[in-house]
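Please open the model in your viewer and keep the selection panel at hand, as this tour moves from one selection to the next.

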Number of protein chains: 2
Amino acid sequence: MQQTENDPVPAIAMRLKIEREARGWSLAELAERSGVSKAMISKIERCEASPTATVLGRLSGAFGLPLSVLLALAERAQERVALQAEQPVWTDPETGYTRRAVSPPNSLLELLDVSLPAGVRVPYPASAFAFQHQQIWLLSGRLDFQEGPVTHHLAEGDCLLLGPPADCVFFNPGKEPARYVVALTRR
Amino acid sequence: MQQTENDPVPAIAMRLKIEREARGWSLAELAERSGVSKAMISKIERCEASPTATVLGRLSGAFGLPLSVLLALAERAQERVALQAEQPVWTDPETGYTRRAVSPPNSLLELLDVSLPAGVRVPYPASAFAFQHQQIWLLSGRLDFQEGPVTHHLAEGDCLLLGPPADCVFFNPGKEPARYVVALTRR
DNA sequence: TCATCTTGTCCACTATAGAAGACGATCACC
DNA sequence: GGTGATCGTCTTCTATAGTGGACAAGATGA
């Protein structure tokens, strides 16, 4: 019989829901755009049906993605370990600010490992985190976090829950790099 | 409704057949390995059914391929233009022999554009073209083609139909590079 | 508080995916 | 010229994919 029990249905279900919600579409809207009934989309997202190639083609078309890409994303979403070597890192060449996406792709909860060099200021506009729940946890060094009118002075180990969206600024007042975790989830 | 009429069924059908035949498997053998009935595989290959994600998962598993890769290959097989820049070229660093795969991926009929430097001999074992129908068409230069016991002397424009499998040798007796087309199809 | 809109799920019903086996073809070997 | 092999397709039947519409649960607003 089959060698690798490789059922793609849960991965597809998860990916489908992520793609739809990332676009802010309801079941009805995706049904409209794809030509697939919303009842069926609901079933697929709940792993109660195994979509045919035809239906998958319509859905990926609605997302503007080639089917193979949708499937590849689905497979990656199945990976539950994100090795450090594979985690995408972004570095600002001017300030030396680095940000590493720790969480496996497409997690509901995302963890960012940030390093902020001494004396550097990083602005963070309110628009960047609307509809998100966020916390900032300082692992080492010092961090002044300006949230709208108020400023929080964080020391090692402190954890801050962000309030309603406001223009923010990260600032490292110390002499050592500040290392902190940003944890965020959509709501 | 859907924007891009993007039906993956024909592409999947074509790719499935190619993967199966490339492994020399019959419908029954693939059915055995994948756990999908041979009747169903037959239908899928003839575009008479749209396989579910579950069935696609079993089939790709039998081939030892991730589903997304199988689909990506299927999508590429749909491309009907192979731009010269995308055609894979292989060059033998010792002799300067070059071979370019002209045809779009997975065509039933494959065209190779070969350039053989002056004085170079390239052996071609019988085992390399069993079950293939082949023709050799000399575009420019000269080519001596040794087919088992007999040798054909080809001049510009000549076209040779290969007989039953035999050990062969390509040889360019001229002073200019020989450029020829190898056209082959499975039988 | 009562409409009204939107959300996702549930309920018939129909179309078809998928399995198991029969069937006619082709080929190899006595 | 039989006689089994094996090939792919066709046939029958069942499970389920897929549709359209009803439904209950929030959300919004007058």
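Which residues touch the most other members of the largest nonpolar core? Select A:Leu30, A:Leu59, B:Leu30 and B:Leu59, which hold that place among its 38 residues; a nonpolar core here is a set of buried Ala, Val, Leu, Ile, Met, Phe, Trp, Tyr and Cys residues joined through side-chain atoms within 4.5 Å, and buried means under 20% relative accessible area with a 1.4 Å probe, protein chains only. This is a predicted model, in which local features need pLDDT of at least 70 and side-chain atom pairs count only at pLDDT 80 or more, whereas totals for chains, interfaces and linings use all residues. Residues are numbered from 1 along each chain as its sequence is written, chains are lettered from A in the order in which they are written, and side-chain values use heavy atoms, with hydrogens and water left out.

Stay with B:Leu59, whose contacts (heavy atoms within 4.5 Å), not counting residues up to four places away in sequence, are B:Leu16, B:Leu30, B:Ser34, B:Val36, B:Ile41 and B:Ile44.

Next, select residues 27-34 of chain A, helix H2 (a DSSP run of H or I, at least four residues, numbered from the N terminus), where A:Leu30, A:Ala31 and A:Ser34 are buried. These three lie on the same side of H2(A), because they cover an arc of only 105° around the axis, taken from the directions from the helix axis to the C-beta atoms. Show helices H1 (9-22), H3 (38-45) and H4 (53-63) of chain A as well, since the buried residues of H2(A) pack against them. Just after H2(A), A:Gly35 takes a positive phi of about 80°.

Conventions
Buried < 20%, exposed > 50% of the residue type's maximum accessible area, 1.4 Å probe, protein only. Helix = DSSP H or I, 4+ residues; strand = E, 2+ residues; numbered from the N terminus.
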